[in-house]
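I opened my notebook to record what I looked up in this structure. The sequence and the model come first, and my entries follow.

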Amino acid sequence: MPELVLSNIGQPSHYEGYEAVYCYRDKEIRELTRNDKIKCYYPKTGYVVTQYFGMGYHSFYYKISEDGTVSQMGSEDIQVTDAPKDAYWYWDKQEVTESQFYQLVEKSAGKDPVEIEESDFSANTEANRKNMAKLIKF
């Protein structure tokens, strides 16, 4: 993804739409997805992983195509309640095992995601704006 922007709207992490992913295509900025947290992205294959928390955590694996469209390829749902832990993994709308899921992630997205730490983009500081600008190629 040569033209990717990861954005934070400056609200506490429990606000809906806390972090968003944009791309720059055909001279316009497009919002691709948003969630509580941007967990990581795979620059070589166009995958972004977002996450939200609530009675566990839920991760979503999105494929961003060359034309700027987004497809949800996978999800990981780990429920943590008073009941025993429930966990579910889906790839291309089909339930898979945990090991199958991570094999599919590696095969489709790759091995080396760029991890996004909350502190990287959680404040609208000059340093963070410069870091954000490094991700944009016009």
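Which residue in E5 is the bridge partner of tyrosine 42? I looked it up and found tyrosine 47. I kept in mind that this is a predicted model.

**Entry: confidence**

I checked the scores before going further. The protein has an average pLDDT of 77. I noted that 69% of the residues score at least 70. Among the elements, H1 has the highest mean pLDDT, at 95. Helix H2 (residues 118-121) has the lowest, at 52. Where pLDDT is low, the predicted coordinates should not be read in detail.

**Entry: the sheet**

I traced the strands next. Seven of them form an open sheet, with antiparallel pairing. I wrote down the order as E9-E8-E7-E6-E5-E4-E10. Why does one side of strand E9 and of strand E10 lack a neighbour in the sheet? Strand E9 (94-96) and strand E10 (114-115) are at the edges and have a single partner strand each, so one side of each is left free of a neighbour in the sheet.

I then looked at H1. This helix packs on the sheet and touches E4, E5, E6, E7, E8 and E9. Its direction makes about 35 degrees with that of E8.

**Entry: E4 and its partners**

I went back to the strands of my opening question. E4 and E5 run antiparallel and are joined by five bridges. They form a hairpin, with four residues between them. In the turn I found glycine 46, with a positive phi of about 80 degrees.

E4 also pairs with E10, in the antiparallel sense, over two bridges. There cysteine 40 stands opposite glutamate 115 in E10. I also checked burial along E4. Five of its six residues are buried, so E4 is largely enclosed by the rest of the structure.

**Entry: E6 and E7**

I counted nine bridges between strand E6 (residues 56-64) and strand E7 (residues 70-79). These two strands run antiparallel. Glycine 56 has glutamine 79 of E7 opposite.

I picked two residues of E6 to follow. The first pick was serine 59 in strand E6. Is serine 59 buried or exposed? Serine 59 is buried, because its relative accessible area is 0%, and the cut-off for buried is under 20%. Its side chain makes a polar contact with the side chain of glutamine 51, at 2.9 Å. Away from its sequence neighbours up to four places off, serine 59 touches residues including Lys39, Val49, Gly74 and Glu76.

My other pick was tyrosine 62, also found in strand E6. Tyrosine 62 counts as buried, at 14% relative accessibility. I looked for tyrosine 47 again here. The C-alpha atoms of tyrosine 62 and tyrosine 47 are separated by 5.4 Å, though the residues are 15 apart along the chain. Beyond four places in sequence, the contacts of tyrosine 62 include Gly46, Tyr47, Val48 and Val70.

**Entry: the cores**

I ended with the nonpolar residues. The largest nonpolar core has twelve residues, among them Cys40, Tyr42, Tyr47, Val49, Trp89 and Phe101. Strand E4 (37-42), strand E5 (47-53), strand E8 (86-91) and helix H1 (98-108) each give two or more residues to this core. A second, separate core has eight residues, including Leu32, Tyr41, Val48 and Ile64.

I also followed valine 49, one of the residues of the largest core. Setting aside neighbours within four places in sequence, valine 49 is in contact with residues including Ile38, Cys40, Tyr42, Ser59 and Tyr61.

Definitions and conventions: Residues numbered from 1 in each chain as written. Heavy atoms only, no water. Core = buried A, V, L, I, M, F, W, Y, C linked by side-chain atoms within 4.5 Å. Buried < 20%, exposed > 50% of the residue type's maximum accessible area, 1.4 Å probe, protein only. Contact = heavy atoms within 4.5 Å. Pairing = 2+ DSSP bridges. Axes fitted to C-alpha atoms, helices over the stretch in contact; angles between N-to-C directions. Polar contact = N/O pair within 3.5 Å; in protein donor to acceptor, adjacent residues only side chain to side chain. pLDDT = per-residue confidence, 0-100.
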